Amino acid sequence: MPNETLTITDNRTGKTYTVPVYKDSIRALDLRQIKVAADDFGLLSYDPAFMNTAACQSAVTFLDGDRGILRYRGYPIEQLAERCTFLEVAYLLLNGELPDADQLEEWTSEITHHTMIHENLKKLMEGFHYDAHPMGILMSTVAALSTFYPEARNIHDPEIRKRQIARLIGKMPTLAAYAYRHSLGLPYVYPDNDLGYTKNFMNMLWKRTEPKFRANPVLARALEVLFILHADHEQNCSTSTMRAVGSSYADPYATTAAAIAALSGPLHGGANEEVLRMLDEIGSKARVPAYIEQIKAGHGKLMGFGHRVYKNYDPRARIIKQVANEVFEVTGRNPKLDIALELERIALEDDFFIRRKLYPNVDFYSGIIYQAMGFTPDVFTVLFGIPRTVGWLAQWQEMLQDSEQKIARPRQLYTGSAERSLRAEELEFEAAVSTAA
Ligand SMILES: CC(C)(COP(=O)(O)OP(=O)(O)OC[C@H]1O[C@@H](n2cnc3c(N)ncnc32)[C@H](O)[C@@H]1OP(=O)(O)O)[C@@H](O)C(=O)NCCC(=O)NCCS
């Protein structure tokens, strides 16, 4: 018997069971043998919101929330953000290794080849009202891609899968930029394949009448770093959605659209938009203490603060704070930064936040940078969705290749009525309805 085991005594029956411990976990299915009577279903584990349940084994991202560590495929996020391009990091997440020069050239050209979207998709976009939220447009157009590429259903063919992955990564900035320009009533700008991933995105967002758009290199690099920081974050809400929907073998476009839906919520990717609204509501540095008191009294949450897994400073927030300074050198300082810094200062010294281990997360500063760069708040979550598509796809691919995975199907603890019958008058009514019919 290996000593990596757990012995459980069922006090209902006095029986003892020994189950293996693997990587500091037990298999929930090993609990099923624990029964009071032979025809019992067996013991279940109950874990609303998956607070303490690992649903997969993954080699993509390592996260230690207590120590504030984030690594993609073993590389610390700080090193990747400093030294790599977004497409290198995307390759790393999907393939497990950083590309060499030839691989990077081939990968870049593959992604670049897929930046155009079908003209009919533009017509679909035209149907949205002028004030449609760009996240709703992105979600719908990504879902619509599924009708343009029916081959995508063949998810078990590695070549077809690879093509859809490149398509999604290539088309995401185009769809996002079109959604943005649609909301402003501006004509769409076709991708410029001479430009890199982020510079081309900026071109599609902001080109007006000039023959060639030239992105500010500091802002382009800042966007690249923000994309790297947002590329994956292991089993968060949208990634778990990607895995759950993908486990039914839905095609990658439908699956990614579902992940985008999950990301759009204010407790997830929508938080950066909410941070800006909150800073607007606070209005000035002087009003920060009163706002914090209001939060402590139970009126709302401090948006951009707290995290399900980070119980320490989010390492991405630390890098973003640095990027903010570089961006403000170009754009001028966003006055909201002073309010944010004051919020952070007071919150980090306050017992309410200290006791609950609430620190700024990735969304706390990203919105302020995006706004300084010229983005409106309703597009912030879209900016999160573009790079996160890479993480979703890396995790989706891993899930499909994992022989332990099956269609996701949690159990429930039923709390409704025990069996009962319709009352006599209800039976009479049913009989009258069926006679009349
Ligand atoms: C991210 C988040 C959803 C994590 O939630 P969670 O893991 O379920 O944590 P809980 O809601 O159980 O929070 C634990 C305690 O901290 C409090 N808390 C959590 N986040 C808080 C916040 N941002 N402001 C104030 N209080 C907060 C909760 O009210 C709870 O207090 P209680 O113990 O007195 O009931 C949550 O922190 C949040 O809503 N943050 C704001 C939204 C945000 O920035 N999301 C982006 C995440 S990257």
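Select threonine 389, which is buried, with a relative accessible area of 0%; buried means under 20% relative accessible area, exposed over 50% and partly exposed in between, with a 1.4 Å probe and protein chains only. The coordinates are a predicted model, in which local features need pLDDT of at least 70 and side-chain atom pairs count only at pLDDT 80 or more, while totals for chains, interfaces and linings use all residues. Residues are numbered from 1 along each chain as its sequence is written, and side-chain values use heavy atoms, with hydrogens and water left out.

Threonine 389 sits in helix H17; helices (H or I, at least four residues) and strands (E, at least two) are DSSP runs, numbered from the N terminus. Show its neighbours: leaving aside residues up to four places away in sequence, threonine 389 touches Leu168, Met172 and Thr256. Contact here means heavy atoms within 4.5 Å.

Stay on H17 and add helix H9, residues 237-246. Two packed helices are described by the angle between their axes and the distance between the axes. For H9 and H17 the angle is about 40° and the axes are 9 Å apart. Axes are lines fitted to C-alpha atoms, for helices over the stretch in contact, and angles run from 0 to 180 degrees between N-to-C directions. H9 and H17 are therefore oblique to each other; angles under 35 degrees count as roughly parallel, over 145 as roughly antiparallel, 65 to 115 as roughly perpendicular and the rest as oblique. The crossing of H9 past H17 is right-handed, meaning that the near helix is turned clockwise from the far one, where anticlockwise by less than a right angle would be left-handed. To view the interface, select Ser238, Thr239, Met242, Arg243 and Gly246 on H9. Among the H17 residues that they meet are Arg388, Trp392, Trp396 and Leu400.

Next, colour the aromatic rings: the structure holds 16 aromatic pairs. Rings of Phe, Tyr and Trp (its six-membered ring) pair if their centres lie within 6.5 Å; planes under 30 degrees apart count as stacked, over 60 as edge-to-face and the rest as tilted.

Zoom to phenylalanine 305 and phenylalanine 364, an edge-to-face pair at 5.2 Å centre to centre with 90° between the planes. This pair links distant parts of the chain, 59 residues apart: phenylalanine 305 is in the loop between helix H12 (288-296) and helix H13 (315-331), and phenylalanine 364 is in helix H16 (residues 362-373). Both phenylalanine 305 and phenylalanine 364 are buried.

Move along to tyrosine 370 and phenylalanine 380, a tilted pair at 5.6 Å centre to centre with 40° between the planes. Tyrosine 370 lies in helix H16 and phenylalanine 380 in helix H17 (residues 380-400), so the pair ties together parts that are 10 residues apart in sequence. Tyrosine 370 is buried at 1% relative accessibility, and phenylalanine 380 is buried at 0%. Add Tyr180, Trp206 and Phe375 to see the cluster that ring pairs form with Tyr370 and Phe380.

For the next stop, select arginine 356, which lies over the face of phenylalanine 352 at 3.8 Å from the ring centre. A charge sits over a ring if NZ of Lys or CZ of Arg is within 6 Å of the ring centre and within 35 degrees of the ring normal.

Finish at asparagine 200 in helix H7 (residues 197-206). Asparagine 200 is buried, with a relative accessible area of 5%. Outside the residues up to four places away in sequence, asparagine 200 touches Thr115, Pro191, Asp192 and Leu195.
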